[in-house]
Amino acid sequence: MTVSIDWLAFLQVFGAALTAAVLVVGFYAIGLRLLVRGGRAPVVAPAEFTDAITVITEKEAQRAAKAAAKAAKKSPLTEGQKRVALVGAYGSFGLCGVAVLAGILLIVFGH
(Lines give C-alpha, C1' and ligand atoms only; values in the text may rest on other atoms or scores of the structure.)
Protein backbone atom coordinates (compact mmCIF):
# COMPACT_ATOMS: atom_id res chain seq x y z
CA MET A 1 0.00 0.00 0.00
CA THR A 2 1.47 3.34 -1.04
CA VAL A 3 0.30 6.79 -0.20
CA SER A 4 0.41 9.32 -2.98
CA ILE A 5 0.01 13.03 -2.34
CA ASP A 6 -1.27 15.28 -5.10
CA TRP A 7 0.94 18.28 -4.36
CA LEU A 8 -0.71 20.50 -6.94
CA ALA A 9 -4.12 19.99 -5.28
CA PHE A 10 -2.51 20.62 -1.90
CA LEU A 11 -1.08 23.93 -3.14
CA GLN A 12 -4.45 24.91 -4.64
CA VAL A 13 -6.22 24.32 -1.33
CA PHE A 14 -3.49 26.16 0.56
CA GLY A 15 -3.73 29.13 -1.81
CA ALA A 16 -7.52 29.22 -1.63
CA ALA A 17 -7.49 29.07 2.19
CA LEU A 18 -4.85 31.79 2.45
CA THR A 19 -6.70 34.03 -0.01
CA ALA A 20 -10.02 33.52 1.78
CA ALA A 21 -8.47 34.27 5.17
CA VAL A 22 -6.87 37.47 3.88
CA LEU A 23 -10.13 38.58 2.26
CA VAL A 24 -12.31 37.91 5.29
CA VAL A 25 -9.93 39.54 7.77
CA GLY A 26 -9.22 42.44 5.42
CA PHE A 27 -12.86 43.22 4.69
CA TYR A 28 -13.70 42.98 8.40
CA ALA A 29 -10.84 45.32 9.37
CA ILE A 30 -11.80 47.85 6.69
CA GLY A 31 -15.44 47.66 7.77
CA LEU A 32 -14.54 48.19 11.41
CA ARG A 33 -12.31 51.13 10.54
CA LEU A 34 -15.03 52.76 8.44
CA LEU A 35 -17.58 52.11 11.19
CA VAL A 36 -15.42 54.00 13.67
CA ARG A 37 -14.82 56.83 11.17
CA GLY A 38 -18.57 57.02 10.64
CA GLY A 39 -19.04 57.74 14.34
CA ARG A 40 -20.40 54.40 15.45
CA ALA A 41 -17.60 52.89 17.49
CA PRO A 42 -18.69 49.48 18.75
CA VAL A 43 -18.70 49.29 22.54
CA VAL A 44 -18.99 45.78 23.93
CA ALA A 45 -20.61 45.24 27.30
CA PRO A 46 -18.43 43.45 29.83
CA ALA A 47 -18.87 39.72 30.15
CA GLU A 48 -18.59 37.72 33.32
CA PHE A 49 -16.50 34.59 33.05
CA THR A 50 -15.65 32.31 35.92
CA ASP A 51 -12.00 31.91 34.95
CA ALA A 52 -11.40 35.30 33.38
CA ILE A 53 -8.03 36.91 33.92
CA THR A 54 -9.45 40.43 33.76
CA VAL A 55 -13.03 41.58 33.56
CA ILE A 56 -13.86 45.23 33.10
CA THR A 57 -16.28 46.76 35.52
CA GLU A 58 -19.51 48.50 34.61
CA LYS A 59 -17.86 51.82 35.43
CA GLU A 60 -15.03 51.11 32.97
CA ALA A 61 -17.56 50.14 30.29
CA GLN A 62 -19.46 53.39 30.83
CA ARG A 63 -16.19 55.32 30.64
CA ALA A 64 -15.33 53.62 27.33
CA ALA A 65 -18.80 54.37 25.94
CA LYS A 66 -18.46 58.00 27.01
CA ALA A 67 -15.03 58.26 25.37
CA ALA A 68 -16.40 56.73 22.16
CA ALA A 69 -19.30 59.20 22.11
CA LYS A 70 -16.90 62.10 22.74
CA ALA A 71 -14.62 60.93 19.92
CA ALA A 72 -17.62 60.64 17.59
CA LYS A 73 -18.61 64.24 18.35
CA LYS A 74 -15.06 65.47 17.63
CA SER A 75 -14.99 63.82 14.20
CA PRO A 76 -13.84 66.22 11.46
CA LEU A 77 -16.12 64.54 8.93
CA THR A 78 -19.31 66.12 7.67
CA GLU A 79 -22.60 64.28 7.99
CA GLY A 80 -22.42 63.23 4.33
CA GLN A 81 -18.92 61.82 4.78
CA LYS A 82 -20.03 59.93 7.88
CA ARG A 83 -22.94 58.47 5.91
CA VAL A 84 -20.59 57.36 3.12
CA ALA A 85 -18.27 55.80 5.71
CA LEU A 86 -21.18 53.89 7.25
CA VAL A 87 -22.37 52.65 3.86
CA GLY A 88 -18.80 51.57 3.09
CA ALA A 89 -18.58 49.80 6.45
CA TYR A 90 -21.80 47.87 5.91
CA GLY A 91 -20.73 47.05 2.35
CA SER A 92 -17.40 45.77 3.62
CA PHE A 93 -19.12 43.61 6.25
CA GLY A 94 -21.41 42.33 3.48
CA LEU A 95 -18.40 41.40 1.32
CA CYS A 96 -16.94 39.59 4.32
CA GLY A 97 -20.16 37.58 4.62
CA VAL A 98 -20.20 36.89 0.87
CA ALA A 99 -16.62 35.56 1.08
CA VAL A 100 -17.62 33.21 3.91
CA LEU A 101 -20.77 32.11 2.08
CA ALA A 102 -18.79 31.49 -1.11
CA GLY A 103 -16.37 29.29 0.85
CA ILE A 104 -19.23 27.29 2.33
CA LEU A 105 -20.88 26.85 -1.09
CA LEU A 106 -17.54 25.80 -2.55
CA ILE A 107 -17.17 23.15 0.15
CA VAL A 108 -20.74 21.87 -0.22
CA PHE A 109 -21.11 21.96 -4.00
CA GLY A 110 -17.51 22.02 -5.22
CA HIS A 111 -16.86 18.30 -5.33
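Is Lys 82 buried or exposed? Lys 82 is buried, with a relative accessible area of 14%. The close-ups below come from a predicted model, and we begin with this lysine and its partner.

**Close-up 1. A salt bridge joins Lys 82 and Glu 79.** The structure holds 1 salt bridge, and here it is: the side chains of Lys 82 and Glu 79 meet at 3.9 Å, N to O. Both residues belong to helix H3 (residues 79-109), where they sit 3 residues apart, about one turn of the helix. Their surroundings are worth a look. Lys 82 counts as buried because its relative accessible area, 14%, is under 20%, whereas Glu 79 is exposed at 53%.

**Close-up 2. Nonpolar side chains form a patch on the surface.** Welcome to a patch of about 900 Å², made by Val 3, Ile 5, Trp 7, Phe 10, Leu 11, Phe 14, Leu 18 and Val 22. One of these, Val 22, can be found in helix H1 (residues 7-37). With 54% relative accessibility, Val 22 counts as exposed.

**Close-up 3. The largest pocket has a volume of about 350 Å³.** Of its 13 lining residues, Ala 16, Ala 17, Ala 20, Gly 103 and Leu 106 are the closest to the centre. Helices H1 and H3 are the elements that each give two or more residues to the lining. H3 supplies the largest share, with 7 residues. As for the character of this lining, 11 residues are nonpolar, 2 are polar and none is charged.

Technical notes
Residues are numbered from 1 along each chain as its sequence is written. This is a predicted model: local features need pLDDT of at least 70, side-chain atom pairs count only at pLDDT 80 or more; totals for chains, interfaces and linings use all residues. Side-chain values use heavy atoms; hydrogens and water are left out. Patches are made of residues with over 30% relative accessible area and no salt bridge: like charges are joined within 9 Å, nonpolar side chains (Val, Leu, Ile, Met, Phe, Trp, Tyr) within 5 Å. Accessible areas come from the Shrake-Rupley method with a 1.4 Å probe; for residues, only the protein chains shown count as cover. A salt bridge is a side-chain nitrogen of Lys or Arg within 4 Å of a carboxyl oxygen of Asp or Glu. Helices (H or I, at least four residues) and strands (E, at least two) are DSSP runs, numbered from the N terminus. Buried means under 20% relative accessible area, exposed over 50%, partly exposed in between (1.4 Å probe, protein chains only). On a 1 Å grid over the protein atoms alone, a cavity is a set of points where a 1.4 Å probe fits but cannot get out, and a pocket is an open set with protein on both sides within 12 Å along at least five of seven lines; lining residues have an atom within 4 Å of a point. Grid points are joined across faces, edges and corners, and a volume is the space filled by probe spheres set on the points. Ala, Val, Leu, Ile, Met, Phe, Trp, Tyr, Cys and Pro count as nonpolar, Asp, Glu, Lys and Arg as charged, and the others, Gly among them, as polar.
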